[in-house]
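This report covers the cysteine pairing, the strands and two individual residues of one chain. The sequence and the model come first.

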Amino acid sequence: MQALSTAPPAAFLLVLLLSALLMPAAAAPGAKRELNPSSRLAAGAARVALHYLNFQTASPGALRALGQIRKATVKSIPESGHKYYLQFTTEDYKSRENVGSCLATVLYPKTKSPPAVNIKCTYTKDQKQIQEEDNGVYQKIRHQTKPIIGNNIPDSYGNIEPALEPVWALAVAGSSYIMWEKSTENLGYFMAQVKSVKQWIRKDDFIEFDYTVLLHEIPTQEIISCHMRLTWLPGRPLKVKYFCASENQGLEYGSGMESGSAAGILHERGANF
């Protein structure tokens, strides 16, 4: 009886060889990988950097939104996490006019720590103009004869009463701390609405508000309600304490105060990005 052959067919060996040749090589540890600038991961990392900047700047007049991502790469750092290298333009949060470019790195740690951000930006808006706007906002709020109380900012049509625009701008700056701290590589946040706000009258120079803000979580589409107490004085760091409640995660608490201020924004006018 003839013995059965155990050698693999030549066609099968050819398929294995072609598969090995066509398979992309794994990136070496620490090597950078180019990202599509329009990818969700690139946009998410850029928004994390701006959340950090908006909170640290502590300036309603200097709030920025993401414009266009020009370049994005990512590097896997052993024992640390994924680090994103980003180059993007920014827009004024209110007018949507271009206000300069930023270079940023965002490291998502493997631990539960917030993303580590390093960001430097040019700014086409005059620094003195920003300080004047902030002082105007402060004076308007400070000299209210009655505490400011508001609900649903913006309303269901997307409108904000002019008298409540400073309150909304401060909510964006304060909630930026929450969004930065909660963000992960796969979860991002937008502030959808100020559900309610109440001003507390203080005897010192600071102004203080209690907010309930609604955050839109991406990509889950979940709406997360956060209670936030915010204290502010122009040129000083924002002070934020908060707790958030969501259907899936229960209660989460946090607080923060960064050393940034409107006067201390990373400012490199004319830098070649």
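## Disulfides

Counting the bonded cysteines of the chain in sequence order, the pairing is 1-2, 3-4. The structure is a predicted model, in which local features need pLDDT of at least 70 and side-chain atom pairs count only at pLDDT 80 or more, while totals for chains, interfaces and linings use all residues. Residues are numbered from 1 along each chain as its sequence is written, and side-chain values use heavy atoms, with hydrogens and water left out. A search of the whole structure gives 2 disulfides, a disulfide being a pair of cysteine sulfur atoms within 2.5 Å.

One disulfide is formed by Cys102 and Cys121, with 2.1 Å between their sulfur atoms. The torsion about their S-S bond is about 105°, so this disulfide is right-handed. It links distant parts of the chain, 19 residues apart: Cys102 belongs to strand β4 (residues 98-109) and Cys121 to strand β5. Helices (H or I, at least four residues) and strands (E, at least two) are DSSP runs, numbered from the N terminus. Cys102 and Cys121 are both buried; buried means under 20% relative accessible area, exposed over 50%, and partly exposed in between, with a 1.4 Å probe and protein chains only.

Cys226 and Cys244 form a disulfide with their sulfur atoms 2.0 Å apart. This link is right-handed, with 105° about the S-S bond. The pair joins distant parts of the chain, with Cys226 in strand β9 (residues 223-232) and Cys244 in strand β10 (residues 239-246), 18 residues apart. Both Cys226 and Cys244 are buried.

## The five-stranded sheet and helix α2

An open sheet of 5 strands has the order β1-β2-β3-β4-β5 and antiparallel pairing. Two strands pair if DSSP finds at least two bridges between them. At the edges are β1 (32-34) and β5, each of which pairs on one side only. Neighbouring strands of this sheet are turned by 25° against each other on average, direction ignored.

Within the sheet, strand β2 (residues 64-77) and strand β3 (residues 81-92) run antiparallel and are joined by 11 bridges. Leu66 has Thr90 in β3 as its bridge partner. Helix α2 (residues 40-57) lies across β2, β3, β4 and β5, and runs at about 115° to β2. Axes are lines fitted to C-alpha atoms, for helices over the stretch in contact, and angles run from 0 to 180 degrees between N-to-C directions.

## Gly61

Gly61 is placed in the loop between α2 and β2. Gly61 counts as buried because its relative accessibility is 4%. Leaving out residues up to four places away in sequence, Gly61 touches Asp92, Tyr123, Lys125, Ile130, Glu133 and Asp134; contact means heavy atoms within 4.5 Å. Gly61 and Ala169 are separated by 108 residues in sequence and by 8.2 Å in space, C-alpha to C-alpha.

## Strands β6 to β8 and Thr212

Strand β6 (residues 149-153) pairs with strand β7 (residues 188-200) in the antiparallel sense over 4 bridges, and Gly150 stands opposite Val197 in β7. The pairing of β7 with β8 is also antiparallel, over 11 bridges. These two strands, β7 and β8, form a hairpin with 6 residues between them. Trp200 stands opposite Glu208 in β8.

Thr212 lies in strand β8 (residues 207-218). Is Thr212 buried or exposed? Thr212 is buried, because its relative accessible area is 18%. Residues up to four places away in sequence aside, Thr212 touches Gln193, Val194, Lys195, Ser196, Ser225, Cys226 and His227. Among these is Cys226, which forms the disulfide with Cys244. Thr212 and Tyr242 are 30 residues apart in sequence and 9.4 Å apart in space, C-alpha to C-alpha.

## Confidence

The chain has a mean pLDDT of 83, and 79% of its residues reach 70 or more; pLDDT is the predictor's confidence in each residue, from 0 to 100. Among the elements of the chain, the highest mean pLDDT (97) belongs to strand β5 (residues 116-121) and the lowest (43) to helix α1 (residues 10-22).

Over residues 1-7 the pLDDT stays under 50, and the model has 0 contacts for them beyond four places in sequence. Residues 258-273 also have pLDDT below 50, but this stretch has 48 contacts in the model beyond near neighbours in sequence.
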